[in-house]
Amino acid sequence: MDTTDKTPAQILATPVQYLKGVGPARVDLLHRLGLHTAADVLFCFPRDYQDLTDQRPIDRLEEGKLQTVCGVVEDIELRGTRAGKTLLGVLVRQGGGFLRALWFNQPFMREKFTLGQRVMLSGKPKYEGLVWRMVHPRVEPLAEEEEDPAGRILPVYPLTEGLHQWEMRRIARHAIDEYGPLLEETFPAEYLAGHDLWPIARALPQIHFPDAKQSLAAARRRFVYQELFILQLALAVRRRQQADIRRAPGLAASAKIDARIRRLFPFELTAGQEQAIAEIAADMAGSKPMNRLLQGDVGSGKTVVALYAMLLAVAHDYQAALMAPTEVLARQHAQTVEKLLTGSEVRRGLLTGGLPAKPRAALLETIAAGELDLVIGTQAIIQEDVRFAKLGVVVIDEQHKFGVRQRAKLKYAGPDPHYLVMTATPIPRSVTMTLFGDLDVSTLRDLPPGRQKVNTYLAGEDKRERWWDFFRKKLREGRQGFVVTPLVDESEQLDVASVQQRFEALANGELEAFRVGLIHGRMPPHEKDAVMDAFRCNERQVLVCTSVVEVGVDVPNATLMTIESGERFGLAQLHQLRGRISRGRHPGFCCVFADPQTDAARKRLEAFAKSTDGFKLAEQDFALRGPGDLFGTQQHGLPPLRIADLLRDQELLIEARRDAMQLIAADHGLARAEHARLRRQMLTRYGRAFELGDVG
Ligand code: ADP
Ligand code: MG
C-alpha cells in the first residue's frame, strides 16, 4: 500500500482489486456484491453469525443440542434408495472420532465436498448404532490456513455465486487489519462516552470477528445507533426546513366555520375524530404547512376528518384536493361528499384517469381558474398539466399505497398547501418514526359506536357446504356479501379469467338464487361504477371480485365475506378485506378458505383469525414479515438500512430519535465544527432522498 501522500479517505477508496485475498478472479464477484472499495468491504457487515462457542470433540457430543464439529472429509457416498430417492452420506474424521452427515434427496450437496477437505458441521447430533450422525447439518468448508475456529463466533457474509464464505472472511479480515485503523470517528469523544457507544476503532473488528457475544452486542449497538441516528438527523433537518422555509395560508376554524361544517355530519363524532380534528385545525391555523399523518383502523371514520380539513380550506376560499389510490375509491369519496354536501354551494369535481380528453380539459380549466373548490381524484390529480388556482389543503387517502415522496409532486405555484395523509393500515410505531418521521401523527383508536364485531373462521375445503348454507341464509335475511379471489398471477389477464370463472360457477351454482355481480381491475371505469352502484343499493346482493374492494369500500349492509385462497393474501390485506364488512349495525362473518403451505402463511392466518385489532395485527405482520417488505424503505425512495432492524432495534431507534432531535434543536444546520462529519454523512446518505439541499 502506497501511503506516502494520500489522505485516509483516499486510501479507504482503494479499489478492491488491490486488497489482500482478492486477486483478479474475485474482483467481479465483489463488484457484484456492490463492493468496490476498501471502505465498502469494511462496511459490508455480516448478515449473520455462526456461533461456534459450543464446539466439541466428537467424543464429547451430546444428543439433541446445537453443536459444531470440525474435521476432515474421509468418505463421500451418494446412493439411490429403493423408493427412488437419494441418500448422501459424508464421513468426517476428527482425531480418532467419526461423524456421519446425512442428506436425503439433496444430491447436489455432493458437489460441496472433496476428499481430504476440512469442513465444519453444525447441527443437532444423534448417536445411532455406534456412530454419531447429523441430518442436514449446516456445512462450512474451512480454508487450509484458517486456524481452528473452535470457540469462536464467525461472521456469515452475504455472498454471490462463486465466492466462498471462507474467502470473504479472509478478505474482510485483511481489510480490517489494514484499512480499519484509517476510519475516522464520526462522533465526538464525549458524545460516545455520554451515550455508551463504542468508538469505531473498537467496534469495527468486533462486528466482523467478535470475541464474545457481549462484544458483538456492543459493536452492533454502535453501528445500529449510528445508522438510525443519521436517518433521524435527516428527518429532523427536513422537518425543520419545512417549518422554517415553507409558508402556508393560515386557515383558522372560527366558531362559525366550525359550526357550519359540523352541521353537515349526520352523526356525533367519536372522541378520536374530535381530537384529530382539533389537531388538524390547530395545524391549519398556523402559517407553516401542516404535515400530518392520520392513521386509524379500517372503518374508524377517517373520511369525515378529511372532509373537515377540506371544508375548512374552502371556507377560506381556498381549494382542497383529495387523492385516492383507486378509481373505485375516488368515486366512493365523491359520492360520500355528494351526499353530505347536498344543497351546499361548495363546487366539487371528480378527476380520474378514465376521464375522456374533452371533459378532462374542461375540468382542468375550471380547476386552474379557481372555479372548483373541492377536487377528488386518483393519481390523475398529480399529472403534469393539473394546476390549481389557490390550493389550501391536500388529503392523500391510503397513503401506504402511494409511497411517501409522491406527495411532493403536486404541481402548484402558490404558497404551500397543508398536507394530510391517511392510512388505514396501522403502521408500527418504529416505522412511523422512520419512514414518516417528518410527519406529525394523529391516531383514531376507537371505532364509531354501535359497530358489531366480525366473526372470523379459517376453513378447509370440507366446510364449503356449511358456509354457503349460512351465506345463503344471511342473504335471505337481507344482508349482502363479497367473494374475493386472490391475484393468481402477475398477468392480469389470468386474474380476470379466474375471477370470471368463479363468478360463473357461483352465479350458476351455490348462489344461483341470488343477484350476483362481478368486479375486477380490468373493467372499464363506467362498468365498475355501475356494478358498485348496483351493490350499494342492494340491487346486487353479492359481489365477486379481486382485491379491488380491498381498500376503502364502504357498504354498511354488507356483512358476509368469503376469501378464497387466503394463504395468498398478506395480513394487512386480509384485515382490509374484513374491514369491508364491519361497518354497519349487523354482525359480520368472514370465512377464509385457505391451504397454507408454509409456516409463515399458517401463522399469518392464525393471527388474523384471532384478532380484529388492526394495530395489533400490524405489529404481528411486521414481526412475521420483517421490516423489509411492505414498509421497505426502498419502496419509499429511501436508501436501505444496512444494519438496523426496525423490529429488533426499536429501543435504540427511540433513543437515536430523541438524541437527533436534541442535537438539531441545539445546532439547526449542524454547522458546528464538531458536527461536520455527522453533517457530511447525513447529506451523503439522505441529502437527495429528502431534498435537503445545502443545510445551513
Ligand atoms: P375509514 O376510516 O376506513 O376510511 P370511513 O371514513 O369510510 O372509514 O367511515 C366508515 C363508516 O363509518 C362510514 O359509513 C361513515 O359514515 C361512518 N362513520 C364515520 N364516523 C362516524 C361516527 N362518528 N359515528 C357513526 N358513524 C360514523
Ligand atoms: Mg377510508
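This passage describes the surroundings of a ligand and the packing of two helices in a predicted model. Local features need pLDDT of at least 70 and side-chain atom pairs count only at pLDDT 80 or more, whereas totals for chains, interfaces and linings use all residues. Residues are numbered from 1 along each chain as its sequence is written, chains are lettered from A and ligands numbered from 1 in the order of writing, and side-chain values use heavy atoms, with hydrogens and water left out.

Ligand 1 is surrounded by 16 residues, of which Glu 268, Gly 299, Lys 302, Thr 303 and Arg 451 are the closest; a residue is near when one of its heavy atoms lies within 4 Å. Polar contacts (pairs of N or O atoms within 3.5 Å) link oxygen atoms of ligand 1 to the side chain of Arg 451 at 2.6 Å, to the side chain of Lys 302 at 2.7 Å and to a backbone N or O atom of Ser 300 at 3.4 Å. Taken alone, ligand 1 exposes 560 Å², and the protein buries 84% of that area, as computed by the Shrake-Rupley method with a 1.4 Å probe.

Helix α18 (residues 599–610) and helix α19 (residues 614–625) have axes that come within 11 Å and cross at roughly 175 degrees; the two helices are therefore roughly antiparallel, a term for angles over 145 degrees. In their contact (heavy atoms within 4.5 Å), Lys 603, Arg 604, Ala 607 and Phe 608 of α18 meet Leu 617, Gln 620 and Leu 624 of α19.

Definitions and conventions
A polar contact is a pair of N or O atoms within 3.5 Å; within protein, one must be able to donate a hydrogen and the other to accept it, and residues adjacent in sequence count only if both atoms are side-chain atoms. Axes are lines fitted to C-alpha atoms, for helices over the stretch in contact, and angles run from 0 to 180 degrees between N-to-C directions. Helices (H or I, at least four residues) and strands (E, at least two) are DSSP runs, numbered from the N terminus. Angles under 35 degrees count as roughly parallel, over 145 as roughly antiparallel, 65 to 115 as roughly perpendicular and the rest as oblique.
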